[in-house]
Amino acid sequence: MGKLVLQDSYIQYMETYVTAHPYSLLFLIGKKEAEDYLVLELNEAALRHFPDVETATAKARFGTLWHPLQDLVISKDVQAHRTIICHPITNEMFEVAYIPIETESYEQLFWIELRFHDELAKERKERERIHQKYTSLIEDNLDPIITVDCHGAIIDSNRAVYSAFGYHAKDLVGKDIGELFAEDQREAFTQLFSKALIGESLEMDGSLFCHKLGHYLPAYVKTLPVSVDEETIEIHLILRDTSIHSKNNEKLLFLSYHDQLTGLWNRKALKEHFDEDSEYALKSEEHLAFIHVDLDRFSTINEALGRTGADEILKKITERIKVICTRSGKLYRNGGDEFIITMRSHSLTDVEKFSQKILSDFSRPFYYHHQEYFLSASIGIAVFPENGKSLEELLHKCERAIQYVKDRGRAHYRFYQKEMNTAFPDTAVMEAHLRRAIEFEELEIHYQPQVNLKSGHISSFEALLRWNNRKFGFVSPATFIPIAEASGLIHQIGEWVLDRVCSQLKEWSAKQFRPVRIAVNISPQQFQTGNLADNVKKIIHVHGIQPSSLEVEITESALMHMNDTLATLNELKSIGVTISVDDFGTGYSSLSYLKSYPIDIIKIDRSFVKDIESDEKNEAIAKTIINLAHNLGMEVIAEGVEKDLQAKILKEAHCHKAQGFLFSKAIPAKEVAEKYFKGF
């Protein structure tokens, strides 16, 4: 700014105007009787373009440009509209505005605003682009949005309103929004609306909104105030027909019990069916057989035909097995190239004949694109209750029987027998090494970043345990975690992980790194001891960290044990710890737990993210889970993101965060500090 010579109110006006018009060159010009026009004030932009001069006269400041400006000032032609003038020498084009000020101190006092014509065109183009983006955000939104003024009169509505409630925009303009709600809910809506007027965004569920045909639909309502200069000028109302979401929930429930590719029952359904089938078998004193079919060398089909072709072969295999499956047999896909059939009320001879029939049918070729492909299968059989009384035990013994068959040439079947235990000699040795892993400092925690899909920022990580053993080398968690759980070592290891994570959070805090949250996986067995919450509280206290910086991540299977889990989660929540559900949609529990447990975050399992860009079913499931999380007020994180297109689809579906190899693998704490905290 130049030297201040006027009242503060003029200066304040100038600063406010400049903030709103950054491309403007602004001059305050005054003239007293018998004196020249003087430039009293000018903004920084004006000073840069018209450098300082010895006198304050407008003629000296503007040079040859003053002549066309003075003509406009004298004629006052620019009061009602802006005028374009050309610099006589440089040929620069300016848009000019003349803004008079009433004052007794000057014969004339006025603002002159100059704007470069080219920059103005760019600014207008940018404003138009922003306006189009804003309009598109509303108009193309899948949720119905009605815009009202501060008196409740409807201004506009998007296309989704017609799809959901039958109204075109012209049908609604001018109507009182309150009259479209059921009469007994208008008072509640009025209170919601009054809060929106003062800038609060609130929600109202269980509303009844009038359809154009006259009937009422259940609706969820959310207010989004639109403010300018901290003053609400209009309000967007997001309305969702919740009957549609109920159908989505039913669809999600169906999909959660069925395999996406084949339509067969999945592992979750197997778990629930087992409770009923095993009870029936005990009461009737009959067998319940588990027939585990594992395709031999199916990887060669994957390599030859690719994912799409291999999926088509799996569908043909499914149809062939379904044809020979008896009425009392239930067929499940166990994932990948594995199938499970359960048979009750049958003799072991019938089970054997059934297995032989499957093997016989595999002798016939499968056709894909007019080409023959031959496959074989290895079958392992376990029987309830002779071979075990739990599903996990029976399936494990089926796998041992399959391994026995594969080691002896494949393409055959075997019932489980005790001597097959010798097929797994390394398990006991590995358990012995695992018991000394902490002592020998073989365990390490790596951290995988969780990326905000909207901003790209990283404010949370998942802690993943790694074991580098002196005998076995790097051992996969998929191998040693089951051993830890089976042996009871999971309690000691789990407590060590919690302690190390909290210690790491304390270290980063002491270095004044930005605050982050770290998720720690908790085994279902850790809930069964009854002292998990006390241990977590103690560790948090010892390290002096914020409880909210620690996230406890549980699997859906842990939620089945209501007595063990609910009390512990409530206690953890009261401490301030964040609660998340891992691998959502793949566990054994019901959707009802979402309203029973204090859950903050839902993590979409990687199986639903994989091939989301090409698999419509995966995409539908992922989007349904995201919508469900939004409706329940929960954060949603997608796992296993490996491709840009996957991230784009999730972002467009309003998934909050994602993690996976696209962004980063899990890395040691030192690399986290160097890569993500540098400069903080």
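Two strands pair if DSSP finds at least two bridges between them. Keep that rule in hand for the tour. The model on screen is predicted.

**The whole chain**

Start with everything shown. The protein has 680 residues, and 47% of them count as buried. Colour by secondary structure and you will find 24 helices and 27 strands. Now think about contacts between residues at least 6 apart in sequence: 59% of these join residues at least 24 apart.

**Stop 1: strand β19 and its partners**

Select residues 458-469. This is strand β19, and 9 of its 12 residues are buried, so the strand is mostly covered.

Add residues 473-475, which make up strand β20. How many bridges join β19 to β20? There are 3, and the two strands run antiparallel. Pick N469 and look across to G473 in β20, which stands opposite. The two strands form a hairpin, with 3 residues between them.

Next, select residues 443-452 for strand β18. β18 runs antiparallel to β19, joined to it by 9 bridges. Click Y447: its bridge partner in β19 is A463. β18 and β19 also form a hairpin, here with 5 residues between the strands. Stop at G456 in this hairpin, where phi is positive, near 80°.

One more partner remains to be shown. Select residues 517-521, strand β21. β21 pairs with β19 in the parallel sense, over 4 bridges. Find S460 and you will see R517 of β21 opposite.

**Stop 2: an antiparallel sheet**

Move to an open sheet of 5 strands. Its order is β7-β6-β10-β9-β8, and the pairing is antiparallel. Which strands are at the edges? They are β7 (154-157) and β8 (203-210), each pairing on one side only. Averaged over the sheet, neighbouring strands are turned by 35° against each other, direction ignored.

Zoom in on β6 (residues 145-148) and β10 (residues 231-241). These two pair in the antiparallel sense over 4 bridges. Label T147, then H236 in β10, which stands opposite.

Now add residues 186-197, helix α8. α8 lies across β6, β8, β9 (216-228) and β10. Its direction makes about 135° with β10.

**Stop 3: a mixed sheet**

Another open sheet comes next. It has 5 strands in the order β12-β13-β11-β16-β17, with mixed pairing. The edges belong to β12 (329-335) and β17 (413-415); each has a single partner strand, so one side of each is left without a neighbour in the sheet. Neighbouring strands here are turned by 20° against each other on average, direction ignored.

Select β16 (residues 377-384) together with β17. The two run parallel and are joined by 3 bridges. I379 stands opposite Y413 in β17.

Helix α11 packs on this sheet, touching β11 (288-295), β12 and β13 (338-344). The direction of α11 makes about 10° with that of β13.

**Stop 4: inside helix α11**

Select residues 299-324 to show α11 by itself. Two of its residues deserve a click.

Try G309, which lies in this helix. Is G309 buried or exposed? Its relative accessibility is 0%, so G309 counts as buried. Draw a distance from the C-alpha atom of G309 to that of H369: the two are separated by 9.1 Å, though they are 60 residues apart along the chain.

Then go to R320, also found in α11. R320 is buried, yet has no salt bridge. The nearest side chain of opposite charge is D361, 5.1 Å away. The cut-off for a salt bridge is 4 Å, from a side-chain nitrogen of Lys or Arg to a carboxyl oxygen of Asp or Glu. Show the surroundings of R320: beyond its neighbours within four places in sequence, R320 contacts D361, F362, R364, P365 and F366.

**Stop 5: two helices crossing**

Finish with a helix pair. Two packed helices are described by the angle between their axes and the distance between the axes. Select residues 267-284 for α10 and residues 391-407 for α13. They pack at an angle of about 120°, with axes 11 Å apart. α10 and α13 are therefore oblique to each other.

Show side chains where the helices meet. On α10, pick R267, L270, K271 and F274; on α13, pick L391, E392, L394 and L395. These residues bring the two helices into contact.

Technical notes:
Residues are numbered from 1 along each chain as its sequence is written. This is a predicted model: local features need pLDDT of at least 70, side-chain atom pairs count only at pLDDT 80 or more; totals for chains, interfaces and linings use all residues. Side-chain values use heavy atoms; hydrogens and water are left out. Buried means under 20% relative accessible area, exposed over 50%, partly exposed in between (1.4 Å probe, protein chains only). Lys and Arg count as positive and Asp and Glu as negative; His and the chain ends are not counted. Contact means heavy atoms within 4.5 Å. Axes are lines fitted to C-alpha atoms, for helices over the stretch in contact, and angles run from 0 to 180 degrees between N-to-C directions. Angles under 35 degrees count as roughly parallel, over 145 as roughly antiparallel, 65 to 115 as roughly perpendicular and the rest as oblique.
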